[in-house]
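Q: Please take a close look at the sheet in this protein and describe how it is put together. I should also like to know what packs against it.

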Amino acid sequence: MTIPDSDRPHSRLARYEDMFRGHRTEIVEGDLVMCPLKPFHAKSIQRIWTQLEDQLSPAWGFISDVAIPFDADFEFCPDLALIPTAEKNKNLTSYSPDLIELAIEVVSPSSVRNDYEVKNQQYAARGIPNYLIFDPQKGHLVTLWNPGPDGYLGRDTIAYGGKATVETGVGRLTVDTSRLPVDPGTSGRS
């Protein structure tokens, strides 16, 4: 899907660019929300991206931490979002949520509610077909599919330790979760 430039969303987050170094900034329920970045978060994103990228056709590519304006109250920056390569190659500061085939979030201690509840509802209501939540604190992956107005109707939780396969509109994608970090400061895996 190609979105004409005149219909592209405009990011309200752009005005905060570089103001809060070391934090990921989003607009959630009308409020500016900042989450501190941690090494396990970045390591998880890098390993997931590397594993999935090799499985994609050239027609699809990932963007990371780029603004996705939903409306005045919600502007997210998914850890990874799978969009058409033609759109990704435009190298914009914001993209329409209608382009996203797969959204991926890596949970931080400060993003639990946003990742599990708010984004579940918002991503599903916008029709994003698949949503994956990788949780280094709990040592598990939550796969969500079949979006509806109140959240995703399909849900599986898979403990880290082996390969997890997800059926998506761009094909079957597999992540070796045994290669993902688990935060040593947590009480253990789920």
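A: In this predicted model, the protein contains 3 helices and 12 strands. Of its 190 residues, 49% count as buried. Among the contacts with a separation of 6 or more, 57% link residues that lie 24 or more positions apart. The accessible surface amounts to about 9200 Å², and carbon and sulfur atoms contribute 49% of that area.

The sheet in question is open and is formed by 6 strands, arranged in the order β3-β6-β7-β8-β9-β10. Strands of a sheet pair through backbone hydrogen bonds, and this pairing may be parallel or antiparallel. Here the pairing is mixed. At the edges lie β3, covering residues 60–63, and β10, covering residues 151–159, each of which pairs on one side only. From one strand to the next, the twist averages 20°.

Within the sheet, the pairing of β6 with β7 can be followed down to individual residues. Strand β6 spans residues 80–84 and strand β7 spans residues 102–106; the two run antiparallel and are joined by 3 bridges. In this pair, L80 stands opposite I104 of β7.

Strand β7 also belongs to the part of the sheet that is covered by a helix. Helix α3, made up of residues 112–125, lies across β7, β8, β9 and β10. Of these strands, β8 comprises residues 130–135 and β9 comprises residues 140–148. The helix runs at about 135° to β10, which is one of the two edge strands described above.

Notes. Residues are numbered from 1 along each chain as its sequence is written. This is a predicted model: local features need pLDDT of at least 70, side-chain atom pairs count only at pLDDT 80 or more; totals for chains, interfaces and linings use all residues. Side-chain values use heavy atoms; hydrogens and water are left out. Helices (H or I, at least four residues) and strands (E, at least two) are DSSP runs, numbered from the N terminus. Buried means under 20% relative accessible area, exposed over 50%, partly exposed in between (1.4 Å probe, protein chains only). Contact means heavy atoms within 4.5 Å. Accessible areas come from the Shrake-Rupley method with a 1.4 Å probe; for residues, only the protein chains shown count as cover. Two strands pair if DSSP finds at least two bridges between them. Axes are lines fitted to C-alpha atoms, for helices over the stretch in contact, and angles run from 0 to 180 degrees between N-to-C directions.
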